[in-house]
Structure formats: C-alpha cells, structure tokens
Amino acid sequence: MSTTQERTEEQDLPFDVFSRACPSRGTLEHVTGRWGALTLGALYEGSFRFNELRRRVDGVSEKMLAQTLHALERDGLVHREAQPTNPPRVDYELTALGREVAGRLLALIECVEGRMDEVLASRERYDGQRMPTA
C-alpha cells in the first residue's frame with residue numbers, strides 16, 4: 001500500500017486517539033486513569049452504592065470518586081440510579097458499553113497482577129544497577 005493510500009485511509013477513520021483534538025482521547029483518559037480503571041473494575045463485580053464503592057476502591061477520596069463517576073457516567077460507561085427514598089439511595093452500575101470496556105480492562109489488570117513477580121525482579125535489577133557505589 002502506498003503512503004498516499006495510508007494517509008487517505010487514516011483520514012477516513014472517524015476517531016483517532018493519537019490526535020490531540022479527538023474526543024476519544026478524553027474517554028481513554030477516564031478509563032485508564034488510576035481511579036477510572038479501579039472504579040470500572042469494581043463495578044464489573046455488580047451494582048454498588050457510593051460508600052460501598054469507595055470502600056471497594058481503597059484509597060480513593062470522596063471527591064475523586066464523585067468526579068470519576070460523573071466522567072464515566074457522561075461517557076456512557078456507568079449508570080446512576082437514584083431511588084426516591086428517605087434517605088436517598090443512589091446505586092451505580094455499568095452500562096453494556098461499560099461492561100465491555102471493563103472486561104477488556106480487567107484482562108489487562110489480570111495480566112499485570114499475574115506477572116508481578118517478573119516486574120518486581122526487573123525493578124530490583126534496575127535499581128541495583130543504578131545504586132551509587134559507596
């Protein structure tokens with residue numbers, strides 16, 4: 001394929017995450033950021049109330065979880081269900097799109113967790129090579 005044909009095909013793509021102006025970049029950031037990834041992974045387990053989810057995603061602040069959920073809801077990955085009860089009850093769950101994205105994300109998480117022995121050994125080698133000699 002010629003370079004001209006490749007450029008034409010690239011221009012025909014509706015979205016290109018490598019382009020600064022592409023809206024898919026923002027969604028990718030929401031999904032792959034620390035709190036987005038952990039929130040999607042937790043919600044893959046089922047529906048959670050806000051505080052349950054905050055306990056499940058250990059270390060996330062209330063503010064960060066709220067911001068993360070808003071971004072994921074706006075992107076169509078999370079559904080927020082407010083129950084008209086007293087006190088109000090709000091549940092969060094993945095949409096069909098959110099389940100698909102979270103499933104792929106969990107495969108990556110499982111890969112990383114499964115290879116942590118190699119990662120830790122690599123870190124140790126790397127740090128050992130960079131340690132100043134006394």
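How many bridges join β1 to strand β3? Two, and the strands run antiparallel. The views below start from that sheet in a predicted model, where local features need pLDDT of at least 70 and side-chain atom pairs count only at pLDDT 80 or more, while totals for chains, interfaces and linings use all residues. Residues are numbered from 1 along each chain as its sequence is written, and side-chain values use heavy atoms, with hydrogens and water left out.

**View 1. The whole chain, element by element.** The chain has seven helices and three strands, taken as DSSP runs numbered from the N terminus (helices are H or I with at least four residues, strands are E with at least two). Read from the N terminus, the order is α-α-α-β-α-α-β-β-α-α. Of the 134 residues, 23% count as buried; here buried is under 20% relative accessible area, exposed is over 50%, and partly exposed is in between (1.4 Å probe, protein chains only). The accessible surface adds up to about 10100 Å², with 51% of it on carbon and sulfur atoms; the areas come from the Shrake-Rupley method with a 1.4 Å probe, and for residues only the protein chains shown count as cover. For contacts (heavy atoms within 4.5 Å) with a separation of 6 or more, 42% come from residues 24 or more positions apart.

**View 2. The open sheet of three strands.** The strand order is β1-β3-β2, with antiparallel pairing; two strands pair if DSSP finds at least two bridges between them. The edges are β1 (48-49) and β2 (78-83), each of which pairs on one side only. Strands of a sheet pair through backbone hydrogen bonds, either parallel or antiparallel. On the β1 side of β3 (residues 89-94), Phe48 sits opposite Tyr92 and Arg49 sits opposite Asp91. On the other side, β2 and β3 pair over six bridges, with Ala82 opposite Val90. A hairpin takes the chain from β2 to β3 through five residues.

**View 3. The largest nonpolar core, with Leu43 in the frame.** This core has 21 residues, and those touching the most other members are Leu40, Leu43, Leu53, Leu69, Val78 and Tyr92. A nonpolar core here is a set of buried Ala, Val, Leu, Ile, Met, Phe, Trp, Tyr and Cys residues joined through side-chain atoms within 4.5 Å. Two or more residues each come from α3, α4 (50-56), α5 (62-74), β3 and α6, and α3 gives the most, with five. In soluble globular proteins, nonpolar side chains tend to be buried together. Setting aside neighbours within four places in sequence, Leu43 is in contact with Phe48, Leu53, Leu69, Val78, Tyr92, Glu93, Leu94 and Arg99.

**View 4. Salt bridges.** The whole structure has five salt bridges, each being a side-chain nitrogen of Lys or Arg within 4 Å of a carboxyl oxygen of Asp or Glu. In one of them, Asp91 and Arg89 meet at 2.9 Å, N to O. Asp91 is buried, at 12% relative accessible area, whereas Arg89 is partly exposed at 34%. Glu62 and Arg54 make another, with the closest N and O atoms 3.4 Å apart; Glu62 is partly exposed at 49%, and Arg54 is partly exposed at 31%.

**View 5. A salt bridge along helix α6.** Glu100 and Arg104 both lie in α6 (residues 96-114), four residues apart, about one turn of the helix. Their closest N and O atoms are 3.3 Å apart in a salt bridge. Is each partner buried or exposed? Glu100 is partly exposed at 44%, and Arg104 is exposed at 60%.

**View 6. Glu45 and Arg99.** Glu45 belongs to the loop between α3 (34-43) and β1. Glu45 is partly exposed, with 49% relative accessible area. Arg99 is 54 residues from Glu45 in sequence, and the C-alpha to C-alpha distance is 9.9 Å.

**View 7. Two cysteines.** The structure has zero disulfides, a disulfide being a pair of cysteine sulfur atoms within 2.5 Å. Cys22 counts as buried at 10% relative accessibility, while Cys111 is partly exposed at 44%.
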